[in-house]
Amino acid sequence: MSSKKITLMLNGKIFTLDTDPNIPILWVIRDMLGMTGTKYGCGAGLCGACTVHIEGKPARACLTSVAQAQGKHVTTIEALEFEGLKEAWNTHNVPQCGYCQSGQLMSAAALLASNATPTDADIDTAMSGNICRCGTYTRIKAAIQSVAKKRAEK
Amino acid sequence: MSIFTAVQNFSRRDVLKLFGVTGGGLVLGANGLSWTPMALAQEKAGKLNLFIAVGEDNKVYLTCHRSEMGQGIRTGIPQILADELEAEWQHVVVVQGLADKRYGSQNTDGSRSIRKYYYQMRQMGAIARTMLEQAAANRWEVPVSEVKAKSHYVHHDKSQRKLSYGELALAASKLALPDKESVKLKKNSEFKHIGQSRTIVDMDDMLSGKAKYGYDVQLDGMLYASITRPPVLGSDVVRLDDSQARKVAGVVDVIRLPVPKGAPAFQALGGVAVIATNSWSALQGRKALVIDWTASPNDTHDSESYLETLSKRITQPSKLVRQQGPEIYDWSTNSKIQSQYTIPYLTHAPMEPPVATAMVTEHGCELWASTQTPQSTQQNVAKNLGIKEEQVRVNVTLLGGGFGRKAKPDFSVEAALLSQQLNRPIKVSWSREDDIQNGYLHAINAQFYQAKVNNDNFPEAMLQRTGFPSISSTFAESVEYPSAGELDLGFVDIPFALKSYRCESVKAEAYTRIGWLRSVCNIQHAFGIGSFVDELAHHANMPSPQMWKQMLGKPRLVDFADQGFEYSNYGEELSRHPVDVGRYHKVIDIVELAMKQKTSLQKGQGWGFAVHRSFTSYVAVAILVEVDRSKNLKVIKSIAAIDAGLVVNPDRVVSQTEGAVVFGLSLAMMGEISFKAGRVQQSNFHNYPLLRINQCPDIEVTIVASDAPPAGVGEPGVPPVAPALTNAIFSATGMRIRDLPVNSVLNV
């Protein structure tokens, strides 16, 4: 495991890292760059807490090596901008403990970006990789639907 | 020199007396971490009591001494304080309390933050309001009876003058504290914040990634520790080869931790810690460890055969724990209905696994912990480090879920021990595998129920037995029976109006750490009784809610006097929190009516019902399921009614109840920890699955309007869910599931 110079484009900034290319970006983002909005939940791509966007698509940061992410645009919750999404989360009082919500928001934003009018089944499919132990699912669904509805009305 | 960044003398002996605690009155200021507001270290603020400070800038700093883990307590406690204080919500700043005995118990478990502190918090608010009024009266040289605090000002109507709280803050803070019994509390009709749904105070931080949990703590010079713990309780390292681990880039050290002697309690589990400059290197280092473990007496533990053992024991007469009316000996077979129910071990699996960061110096220890029990953390860390409790400062971060796991401070002890050895700040973060495999498990359980029915098939007598390893076994060796306190959780406290009702407990030795998990023994007992009443209802050709109401009898208060046990009632006086059959009826009626209004059932669909009182709240749940020919289960809808007495933040009561339905479905549908050769068989969410959005039903929650003393909210929604689900499956298919989880027979 030799270290290597790797360039990471994170939230519009370029970082040059001298690191093991196999290290998942989750730990680069959290431990090395100190941005802790992206969460650890399972380390195995099973819970979605670490969801980030790579070139706008949702990806599990715990399974994405820094080498795989090199040269691609990585976005985390800290830089997530999606019209009406956080407002909808607020209106529906979605979070309980809040820990999984970064990942939920990243998955929801990716869904709405690719599908402006998701059905319930679309939401289930897109969001089923994100576990919420507190059980905020009904509100997540309502929040996503409300964003879609507002966008359709425009 | 102190390791603490901001220390301020904040001695208020009167406040100490108020809480019945004397001794040093030192309140420590905020640390450099951004999520702990600087309120108490703020220079231009007047401290009015232990919980309330008012700034010259008009802000009110309200301390929440309880841990936030999703229940909304950092909003609820300030709502109560602000209401009596007559503070405006936009000026409220919430301060997270450190571990400090003067607050009283800070153990954030047992669904008791509001239940136990509602009146005290109102008194604190009223004391501060009274001081602000006195300060204004002094300033204007008018009798205090002529002034009144309202909406962040004190008014003198006679002269049409008013002063803001900010203008009065410092003067008020210099006044003597009024006697808590002398201050006047508001009428309920005057409440402005209590009873209003307030957005949680951490909302914006949670949505922007700024909210700081235990896992997010980063200190200068901090190293990351990941620990391989004994795979079986009681085994120890016999041989360690760490040569390859030490070669992993980023690994700094490998340290052996001793395994606990005697009962595990809150001791660190021991094992081998890999210390690294980042989490990944620590995890990689662990993979490179070669460890041989000693044999343990628990190596033989096999949960499947143990459940068979318990299932046999419950068929035999055992230890009497409750006898209502005369014992029945005549159990003729034609009038007897019998059933047995089992549940497996369960674990908490909060989304954020256990985590703590410690910095030990010659002066003491400072901790940042994702903990439900800051004082227990303080005590256990002090004991393990061999220092005084006052030398341990515990900062409580946000918790990424708790569910009881983070009420056990073993992980903070690990961080403290490692920091002491390494002389560096150390963060111990558990991996998901660590969390699943080394938990404090909810106990495996078998129950037996028997009823004698009359000619109308109505039950007149019941006998029930339960056997599960006790939580007490975690704290004392050789415990072999459930404790009285555990039996009070939904086993001996069912207020059926039966002529004869006998309850027995069965021997059940422990092989692993047993702990409390959201709603504790109510989980298995509500499943047992909720299933059995449904079986009796079916036998009598009667809807389950009807059978419940008939078995409970007419509305009355029940005290279980002269039945051979003293009911602990969740630590509450029965006079304030009675066992009230009328309140059972009310939640049953609400859910029964809601079910009836949704009658158009499709093929393969069915409703199930259950009701349960726990933590002095009453919850009824109905669940609608559909099971297709390929045995695929779909949970369509859930209706819940909760009577938790007076509620402070209704939206959070609804959200807790929604969450309880999801928690209950997770455990009923898929929850199982099993042991083979002493080792936990599960390791991550692929084999310890939790409910996902595609499995989640619609959830409707009704709160019963009540002025009764506030009762528990976080846990009471969980127990009735599992039996409501399996009863629904029975209704839909005729298949009676008596052994959880459901996914052993249906696809979920």
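**Exercise 1.** Work out why the radius of gyration of chain A agrees with that of a compact globule.

*Solution.* Start with the yardstick: the radius is taken over C-alpha atoms, and the globule rule is 2.2 Å times the number of residues to the power 0.38. For 154 residues that rule gives a value near 15 Å, and chain A comes in at 16 Å, so the two agree. Next, look at the extents: the C-alpha trace spans about 50 × 30 × 25 Å along its principal axes. Finally, check burial, where buried means under 20% relative accessible area with a 1.4 Å probe, protein chains only. By that cut-off, 59% of the 154 residues of chain A are buried.

A word on ground rules: this is a predicted model, where local features need pLDDT of at least 70 and side-chain atom pairs count only at pLDDT 80 or more, while totals for chains, interfaces and linings use all residues. Residues are numbered from 1 along each chain as its sequence is written, chains are lettered from A and ligands numbered from 1 in the order written, and side-chain values use heavy atoms, with hydrogens and water left out.

**Exercise 2.** Write down the order of helices and strands in chain A.

*Solution.* Count first, using DSSP runs numbered from the N terminus (helices: H or I, at least four residues; strands: E, at least two). Chain A has six helices and five strands. Now walk along the sequence, and you get β-β-α-β-β-α-β-α-α-α-α.

**Exercise 3.** Describe how chain B meets chain A.

*Solution.* Take contacts to be heavy atoms within 4.5 Å. On that basis, 49 residues of chain A touch 62 residues of chain B. Then turn to buried area, the accessible area (1.4 Å probe) that two parts lose on being put together, summed over both. Here that's about 4500 Å², with carbon and sulfur atoms giving 57%. Who pays on the chain B side? Leu207(B), Met351(B) and Ile693(B) supply 19% of what chain B buries against chain A, more than any other three residues.

**Exercise 4.** Track down some backbone oddities in chain B, namely at Ser111(B), Ser519(B) and Pro741(B).

*Solution.* Recall that most residues other than glycine have a negative phi, and most peptide bonds are trans. Ser111(B) has a positive phi of about 50°; this serine sits in the loop between β6 (92-96) and α3 (113-140) and, at 14% relative accessibility, is buried. Ser519(B) has a positive phi too, about 85°, in the loop between β23 (500-505) and α13 (522-539), and is buried at 0%. Last, the peptide bond from Leu740(B) to Pro741(B) is cis, with omega near 0°, and Pro741(B) falls in the segment after α17 (721-733).

How values were computed. Buried < 20%, exposed > 50% of the residue type's maximum accessible area, 1.4 Å probe, protein only.
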